[in-house]
Amino acid sequence: MRRQVLLYFSVLCLSSVLGQVSYSIPEEMAKGSLVGNIAQDLGVDVKRLQARRARIHTGDSTEYIQLSKEKGLLVIKERIDREALCGQTTPCALHFQIALESPIEIFPVTVEITDINDNAPVFQKEDKNIEISESAVIGSKFVLEKAVDLDIGRNSLQSYTLKPNDNFIIKLHGQSHGVTKVEMILQKPLDREKKEFASLLLTAVDGGEPQKSGTMQIHITVLDANDNAPVFTQTIYKASVKENALKGTIITKVSASDADKGSNGEVSYVIGNGVIGSLDLFHITEDGQLILNGPIDFEKSRNYEIDIEAVDRGGLSDSSKVIIDVGDINDNSPVINMISSSNSVGEDSRSHTVVAVMSVNDPDSEENGKVRCVINKNIPFALTATSSNLYSIVTDSDLDRETASEHNITVSCSDEGVPSLSSSVTLTLQISDVNDNAPVFERSSYEANIVENNTPGLSVFTVKARDADWNQNARVSYILEDSSVNGVPVSSFVSVSADSGVIHAVRSFDYEQIKDFHFRVKAQDGGSPPLSSNVTVKILIQDQNDNPPQVLYPVQTGGSLVAELVPRSADVGYLVTKVVAVDVDSGQNAWLSYKLQKATDRALFEVGSQNGEIRTIRQVTDKDAVKQRLSVIVEDNGQPSRSATVVVNVAVADSFPEVLSEFTDFTHDKEYNDNLTFYLVLALAVVSFLFITCVVVIISVKIYRWRQSRVLYHSNLPVIPYYPPRYSDTLGTGTLQHVYNYEVCRTTDSRKSDCKFSGAGSQNVLIMDPSATGTMQRIQSEKSILDEPDSPLEQKPPNNDWRFTQGQRPGPSGATGGPEVAMGTGPWPQPPTEAEQLQALMAAANEVSEATGTLGPGTMGLSTRYSPQFTLQHVPDYRQNVYIPGSTATLTSNPQQQQQQQATAQQAAQQALPPPQGPPQPEPPKAAQTPASKKKSTKKEKK
């Protein structure tokens, strides 16, 4: 690869545009190929190249070259085809600018693209048919199609060869603009009779290395005589057309004549392929009119050269050239490209600082391409031209961000065409802030008041300063300047919030120690370097009534007694003494008044309210006590007021010994014991609390017991007597065992519900065997709630106390019953026998059936079954009272009652037992008064 580097330096009117750098590279280089070391050629370090944000500006054209900032090299970005880029124009070059910032610099760069032999000569048609009369004379010319080679210079088309060349030779004629005319010349007469058809090969060869070529096959048909070829009236035709001409516009007319007659004299016109694309833009009619067939653009091509060929029917032809000049019109507005621009500029920038560089181009020509640019007015910027198409925007005066923080710069460019076309671009430029304004306080000095005895940390007041700058430069911080107050650093008195400027009291002030002080606060912004200003602050301490009066006289001592002596001969207004007191406060807080609080004899002394003088208000008499005790209170005028009390002892006597004898047993009043009062109050509170607690506990216990009694004893359930499990018979008739099982089902709130008896709910069976001697055996049931769980099943031996005859037994089981028994005053009976218990059971069953006669099967069942052999005959007939445990009723031998009991028992037996087989049994005795009721009546009589 061949690379040429040409560096030219030109002195421009502005330092932002420097020397031009030129490179030369061949076309079709691979991507990433090196073009040149731009950093070295510009004399700029690679790091500076990166720091200054170097970039390539190409305007609207395609970017074929890119900049490698890391190495400072220009490399190929896109494949470059010289023919597509420039066509036949020489030299072919790429123009762009290298833009650097901080400061802005522009370096024009030109890269010349050299041609390589990458295109072979090409014929538009691969075959060509030519009809030649056999009468054609030697030297007859036949214009052949030219080959097209897009390359230029040595790589372009150089020569043609024709094979075989028995009858024809090739002759080249040079024309303007380097175009060669190819003619095939007849050098030997044709004979149709010998050879009617001939085939020739035309080869076009370029001069590149390696050499490339293109071919076209020529087919010749020999005709009969046509010995005159068409001839154009002009060798070259010239015409002009505006670039805005419409399609179908007639550009010019060509004319050719043929001396032959008939069909051999008829001429037709065709456009050659000398110019690429001319066939699409133009076409020619049969009469030779050249017509515009498509849009043309002066900026793409300023002229066209077209080859026109005239051919007769005999195949003879002639050629002519038409040169068309394209006229320019003002159809393009100026194009403004911003090469480099700054988004912001400091307000302290110097005059003529470059803020933007732009290029302005107008593709039109002459007056239509001349451009004039202006900038909007009333802004501190100006527009200067650095070259023919480069402009710079520079500062024209001082900038002030506080006045205008942003500027919109509009650049308008217009050409000189008619009508004039213009375009504009607007650049928004921010003015960056510079710390050029110091903070300013709202006041020249501050003064604030604070009451003494304040809380440390109390906010006193706020200082405020403003900064006209922006952002960090306008951020104000407040600083307490170092100073001292009476030799003490001011920082121990107050502090300043750095952000808000709030002044806080560090300590609690005392007016009696310091009445005012002053200090300085500095406001400093956050710029670099920072700017600051200060202000003087004065703090005034206001007095508060925080000191009670202090009594200077009389002096109060604890170990000795001081008394004022008043003679008995003292008159009214006699000055006894003067109470002297001071108050360290100021103003009305220090105004003192005196009052007599207590006195032994208030009618004898008075105290001056303003001066504190104690004087007599009447004549001293012999009846006045020697010892006089005065209590004087001294109050200030503060809000609230404070006071002090002083005790003045006065002795009414004429001589000192008399005073001494009276004051020997003088006892001082003791101070009131505050601790004793506290303990007394505490003891009273504790005793009251214990008393209230005991009352609450007692009431709670009473309520609890009452509720339990309501649950257990106040339900509406029938009372079923309880019988002891076993008793023995003393008559030797055997022992009757009793086990009564009750199945009880109750809800959680059974005391509010009824209790029913069901015959099907139990399997208790009571069997009386007649073969036995009156003994009733117990069959154990499934469940029993009344029988004790630990009771043995065997019969216990009878108690010896029961071994008495029937006549010897006391109580209802005896042979006879005396009056005591009848009246219920007899002794407590022995445990009932088996027969007595059976009668009691049947009587209880009768009462239960009457109480629950309307109830169906319920939650409680009582069922007693007897064997078929059992009859009431086995039950002894007792005519005495029978006691039922747990009941106030007794069974008597009253006949009427016995009949009622018998009927009731029979009815219960029919409901609960199988029908008996024996005769009816006698009725059990009727219930009468129980021994328990008798015992109660006996006790009442004894009382």
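User: Buried means under 20% relative accessible area, exposed means over 50%, and partly exposed is in between (1.4 Å probe, protein chains only). Which of these words fits valine 463?
Analyst: This is a predicted model: local features need pLDDT of at least 70, side-chain atom pairs count only at pLDDT 80 or more, and totals for chains, interfaces and linings use all residues. Residues are numbered from 1 along each chain as its sequence is written, and side-chain values use heavy atoms, with hydrogens and water left out. Valine 463 has a relative accessible area of 0%. That value is under 20%, so valine 463 is buried.

User: How far apart in space are valine 463 and glycine 501, C-alpha to C-alpha?
Analyst: Start with the place of valine 463: the loop between β35 (459-462) and β36 (465-466). Strands here are DSSP runs (E, at least two residues), helices are DSSP runs too (H or I, at least four), and both are numbered from the N terminus. In sequence, valine 463 and glycine 501 are 38 residues apart. In space, their C-alpha atoms are separated by 5.2 Å.

User: How many disulfides does the structure hold?
Analyst: A disulfide is a pair of cysteine sulfur atoms within 2.5 Å. Cysteine 86 and cysteine 92 qualify, with sulfur atoms 1.8 Å apart. Cysteine 373 and cysteine 413 also qualify, at 2.0 Å. The number of disulfides is 2.

User: Which strand holds cysteine 413?
Analyst: Cysteine 413 bonds to cysteine 373. This pair links distant parts of the chain, 40 residues apart. Cysteine 373 lies in strand β28 (residues 371-375), while cysteine 413 lies in strand β31.

User: Are cysteine 373 and cysteine 413 buried or exposed?
Analyst: Cysteine 373 has 13% relative accessibility and counts as buried. Cysteine 413 has a relative accessible area of 1%. That is under the cut-off too, so cysteine 413 is likewise buried.

User: What is the handedness of the link between cysteine 86 and cysteine 92?
Analyst: Both cysteine 86 and cysteine 92 are buried. The angle about their S-S bond is 65°. The link is right-handed.

User: How many salt bridges does the structure hold?
Analyst: Side chains of opposite charge can pair when their charged atoms come close. A salt bridge is a side-chain nitrogen of Lys or Arg within 4 Å of a carboxyl oxygen of Asp or Glu. One of them joins arginine 79 and glutamate 28, with the closest N and O atoms 2.5 Å apart. The structure's count of salt bridges is 23.

User: How many residues apart are lysine 146 and aspartate 307?
Analyst: Their side chains meet in a salt bridge of 2.9 Å, N to O. The pair links distant parts of the chain: lysine 146 is in the loop between β10 (141-143) and β11 (157-163), and aspartate 307 is in strand β23 (residues 303-312). Lysine 146 is buried at 15% relative accessibility, and aspartate 307 is buried at 12%. Along the sequence, the residues apart number 161.

User: Which residues are linked with Lys146 and Asp307 in a network of salt bridges?
Analyst: The network includes the pair of lysine 146 and aspartate 307. Two further residues join this network: Glu305 and Lys321.

User: Which proline follows serine 102 through a cis peptide bond?
Analyst: Most peptide bonds are trans. The bond from serine 102 is cis, with omega about 0°. Its partner is found in the loop between β7 (92-100) and β8 (105-114). That partner is proline 103.

User: What is phi of asparagine 378?
Analyst: Most residues other than glycine have a negative phi. Asparagine 378 is not a glycine, yet its phi is positive. It lies in the loop between β28 and β29 (381-385) and counts as exposed at 82% relative accessibility. Its phi is about 60°.

User: What is phi of arginine 53?
Analyst: Arginine 53 lies in the loop between α2 (46-51) and β4 (55-57). At 52% relative accessibility, arginine 53 counts as exposed. Its phi is a positive value in a residue other than glycine, near 55°.
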